[in-house]
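Subject: The structure we talked about

Hi there,

Here is the structure I promised to pass on. Please have a look at it first, and then read my notes below.

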Amino acid sequence: YIGAVSAPLYAENPEDEVSPRDMQQINSKGNMDFCIKNIKLADFGRREIELAEDEMTALMALRKAAQGEKPLAAAKIVGCTHVTAQTAVLFETLKVLGAQCRWAACNIYSTQDEVAAALAEQDFPVFAWKGESEDDFWWCIDRCVNVEGWEPNMILDDGGDMTHWIYKKYPHLFKKVKGIVEESITGIHRLHQLSKAGKLCVPAINVNDSVTKQKFDNLYCCRESILDSLKKTTDIMFGGKQVAICGYGEVGKGCSAALKAMGSVVYVTEIDPICALQACMDGFRLAKLGDVVRHVDMVITCTGNKNVVVREHMDLMKNGCVVCNMGRSNTEIDVNSLQTPELVWQHVRAQVDHIIWPDGKRIVLLAEGRVLNLSSSTVPIYVLSITATTQALALIELFNAPEGRYKQDVYLLPKKLDEYVASLHLQTFDAHLTELTDEQAKYMGLSKYGPFKPSYYR
């Protein structure tokens with residue numbers, strides 16, 4: 001089991017820190033079914049959610065289409081995702097579509113406290129705050145599912161922690177669960193492990209490998225947010241810097257393209273010869289991390305794997321090397337190996353620590369090795385709209401599927417729905433799709449209205 005959290009190494013204001021678990025809060029309607037940092041932030045959070053709605057046109061279109069029909073009526077969704085203005089638009093859309101929801105955060109640093117407050121003010125049972133401890137993290141998840149008189153029948157997960165907790169503590173709940181929607185490589189890995197072991201007892205849709213998630217969220221989102229995150233945390237100059245990017249999947253492609261465009265010299269590490277060849281064709285130097293780690297100025301992990309950057313690598317890094325993670329898992333950088341007596345941790349600012357070696361060398365560790373863009377900056381709302389719409393349609397698909405359509409296995413989102421998500425977002429642009437003629441459609445063996453790609457296309 002790969003945990004998604006660990007206890008924070010520090011509190012920003014330890015003398016002022018009062019756990020939300022120790023505070024009794026109530027919203028203006030008299031409701032107390034939530035646990036957040038500060039309910040007084042609700043108005044601020046509501047303004048952020050409204051700004052996000054302006055960019056998330058596809059979800060707003062789903063709401064409008066559901067004025068009469070409620071495709072998620074009777075759905076009871078328990079979720080564990082990031083709690084941000086963008087995901088709040090998704091949560092509230094699911095509610096408009098007829099669902100009841102309870103929510104926890106999948107990352108201890110990505111929660112926007114003002115957004116959590118806005119949700120709580122609207123009687124949305126949310127249990128999340130920025131800077132949770134490991135115990136807080138699991139406590140929040142438990143508060144979502146251990147509820148008298150309420151049992152979930154759908155799970156929306158980002159990392160597999162909600163699914164893991166229910167399997168571990170409340171397996172009887174799976175008798176009523178119709179399906180799981182998972183959006184991260186870590187969570188998909190867990191689901192496939194369950195499937196191989198014959199322990200996956202409900203169908204699941206793999207949103208992470210849908211075209212709309214891979215090509216837009218993973219690639220374009222990271223291409224923009226990596227620069228913003230590094231600037232906000234380190235004020236670094238990119239021109240001429242030497243950077244090692246571990247992994248050349250969609251996230252690695254986005255990060256590499258952004259840094260190359262800023263004038264950085266980029267090295268790529270890869271295990272997959274196909275991705276490695278793509279990196280070479282795109283003009284990057286393919287190398288092993290151990291061969292370049294002594295002279296690079298930054299190391300960025302983008303693999304979703306574990307122990308990609310280990311203590312041996314960090315011992316060889318030069319003074320001032322920046323180390324961070326853009327992959328979903330928080331296990332890519334072996335942070336635990338830095339918790340030794342001879343190394344000094346110096347907290348510099350939010351999400352920035354200097355790790356100092358006995359000879360005075362220091363490396364700059366960002367976000368304690370957690371996903372950088374969601375811990376230290378914001379990500380483009382429009383791209384998140386694409387993923388959120390995909391999640392909503394996957395929930396609708398599983399919840400309304402006739403019995404027997406989906407077995408106890410992991411499925412990709414039907415390509416027709418992938419294309420529908422893209423078409424909804426085209427409305428933002430002055431974009432005009434070409435339509436096949438009857439003759440062309442017959443020649444290609446396609447319907448004029450899609451799907452236009454086979455199910456295995458990515």
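What follows covers an annotated site and then a pocket.

Please keep in mind that this is a predicted model.

Let me start with the annotation. In an unreviewed UniProt entry, Thr84, Asp158, Glu183, Lys213 and Asp217 are marked as "binding site". I looked more closely at two of them.

Glu183 sits in the loop that links strand S5 (179–182) with helix H7 (185–196). Its relative accessibility is 11%, under the 20% cut-off, so Glu183 counts as buried. Leaving aside residues up to four places away in sequence, Glu183 is in contact with Asp157, Asp158, Val207, Asn208, Lys213, Asp217, Thr387 and Gln391. Asp158, Lys213 and Asp217, which are among these contacts, also carry the "binding site" annotation in the UniProt record.

Lys213 belongs to helix H8 (residues 211–234). With a relative accessibility of 6%, Lys213 counts as buried too. With the same sequence neighbours left out, Lys213 touches Glu183, Val207, Asn208, Asn218 and Thr387.

Now to the pocket. The second largest pocket has a volume of about 590 Å³. It is lined by 21 residues, and those closest to its centre are Glu419, Ala422, Ser423, Leu433 and Phe452. Two or more lining residues come from each of H8 and helix H15 (415–426), with H15 giving the largest share, eight residues. By type, the lining has 10 nonpolar, three polar and eight charged residues.

Enjoy exploring it!

Best wishes

How values were computed. Residues numbered from 1 in each chain as written. Predicted model: local features only at pLDDT ≥ 70, side-chain atom pairs only at ≥ 80, totals over all residues. Heavy atoms only, no water. UniProt positions renumbered as here; feature names shortened; annotations may be inferred. Helix = DSSP H or I, 4+ residues; strand = E, 2+ residues; numbered from the N terminus. Buried < 20%, exposed > 50% of the residue type's maximum accessible area, 1.4 Å probe, protein only. Contact = heavy atoms within 4.5 Å. 1 Å grid on protein atoms, 1.4 Å probe; cavity = no way out; pocket = protein on both sides within 12 Å on 5 of 7 lines; lining within 4 Å. Points joined across faces, edges and corners; volume = space filled by probe spheres on them. Nonpolar A, V, L, I, M, F, W, Y, C, P; charged D, E, K, R; others polar.
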